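Biologist: Before we discuss any details, could you put the chain on the screen, so that we can go through its charged pairs and its helices together?

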Amino acid sequence: MAKIDEKVLWGAAVKLRDKCDPADYKNVVLGLVFLKYVSDKYLAKFNELKAFGDGREYDDDYYIAEHVFIVPEKALWPYIASYSKDESLGQKIDEAFDELEKKNYELKGILPKTYSKSELDKVALGELVDFFTTHLKMEDADGDFFGQIYEYYIGAFATYIPQKGGEFFTPQSIVEMMVEILQPYKGRVFDPCCGSGGMFVQCSKFVKEHRGNVDDISIYGQESNPGTWKMAKMNLAIRGLAGNLGERNGD
């Protein structure tokens, strides 16, 4: 199960250093990593289907059947990367998220369309896009990379990111131990402060490793932080997991 190389996450932080608050690193990086992930996965599947030579690469059903998001041309990473030196880059990224939401109902209203409004220097944003183009390969990525990014930046920049209002990130090792104890082969899984959804990802991984059926578990959760709630929704969506996290963030 491939994870993101932490050297890449550190390299991304270097690109953002002095360009935005360290507390915002994870938010800037996460949206771009998500966009790169869905694009790489789509293009890999597109090329696999194209090899059949019968045009099936243009049939959405082949992607939906394997939980691969439909990625329109203007949301593909190569298209976005072509604007890395352009002042309109932030707008192009936001438009890419709009296009993804139009083609994938499960992403409706949860993608971070804030890059055109961000105070982040556009040169730095372009450098970050170029950096990911060269160093971030997501074709084989799996696991809770949302949680990995969150945990990495919280840990690496702990002195700059004060914990507020009881917000804490549960380390992956603790989540893995809890799931091993619970043994969620089937039934309802509830996490009352689900964060980015790492508990749900680990439960689905547990079921698959024990040759069970993921459809035998039902996911319920809540998260009060609006940004983190969206992360959890995205985390479930990329794995094809149906979960009830409410219509919005809340307690």
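**Salt bridges and a helix**

Modeller: Lys45, Glu48 and Glu66 are linked in a network of salt bridges. Please keep in mind as we go on that this is a predicted model.

Biologist: How many salt bridges does the count come to?

Modeller: A pair is counted when a side-chain nitrogen of Lys or Arg lies within 4 Å of a carboxyl oxygen of Asp or Glu. By this rule the count of salt bridges comes to 9.

Biologist: Within the network, how far apart are the closest N and O atoms of Glu48 and Lys45?

Modeller: Both Glu48 and Lys45 belong to helix 2, where 3 residues, or about one turn of the helix, lie between their positions. In general, an α-helix has 3.6 residues a turn, so residues three or four places apart point the same way. Lys45 is buried at a relative accessible area of 6%, while Glu48 counts as partly exposed at 45%. Their salt bridge brings the closest N and O atoms to a separation of 3.0 Å.

Biologist: Which residue does Lys36 meet in a salt bridge?

Modeller: The partner sits 4 residues away in helix 2 (residues 25-50), a separation of about one helical turn. Lys36 is buried, its relative accessible area being 4%, and the partner is buried too, at 9%. With an N to O distance of 2.8 Å, the side chain that meets Lys36 is that of Asp40.

Biologist: Is Lys113, which forms a salt bridge with Glu101, buried or partly exposed?

Modeller: The closest N and O atoms of Glu101 and Lys113 are 2.8 Å apart. Because Glu101 lies in helix 5 (residues 89-103) and Lys113 in the loop between helix 5 and helix 6 (122-135), the pair ties together parts that are 12 residues apart in sequence. Glu101 is buried, with a relative accessible area of 7%, whereas Lys113, at 24% relative accessibility, counts as partly exposed.

Biologist: Turning to helix 9, how many of its 12 residues are buried?

Modeller: Helix 9 covers residues 198-209 and reaches 16 Å from its first C-alpha to its last, close to the 16 Å expected. Its buried residues, among them Met199, Phe200, Val201 and Phe206, pack against helix 8 (172-182), strand 1 (187-191), strand 2 (217-221) and helix 10 (226-237). Helix 9 is largely enclosed by the rest of the structure, because the number of its 12 residues that are buried is 9.

Biologist: Which residue with a positive phi follows helix 9?

Modeller: Helix 9 ends at residue 209. The residue that follows helix 9 with a positive phi, near 55°, is Arg211.

Definitions and conventions: Residues numbered from 1 in each chain as written. Predicted model: local features only at pLDDT ≥ 70, side-chain atom pairs only at ≥ 80, totals over all residues. Heavy atoms only, no water. Helix = DSSP H or I, 4+ residues; strand = E, 2+ residues; numbered from the N terminus. Buried < 20%, exposed > 50% of the residue type's maximum accessible area, 1.4 Å probe, protein only. Expected span 1.5 Å × (residues − 1). Contact = heavy atoms within 4.5 Å.
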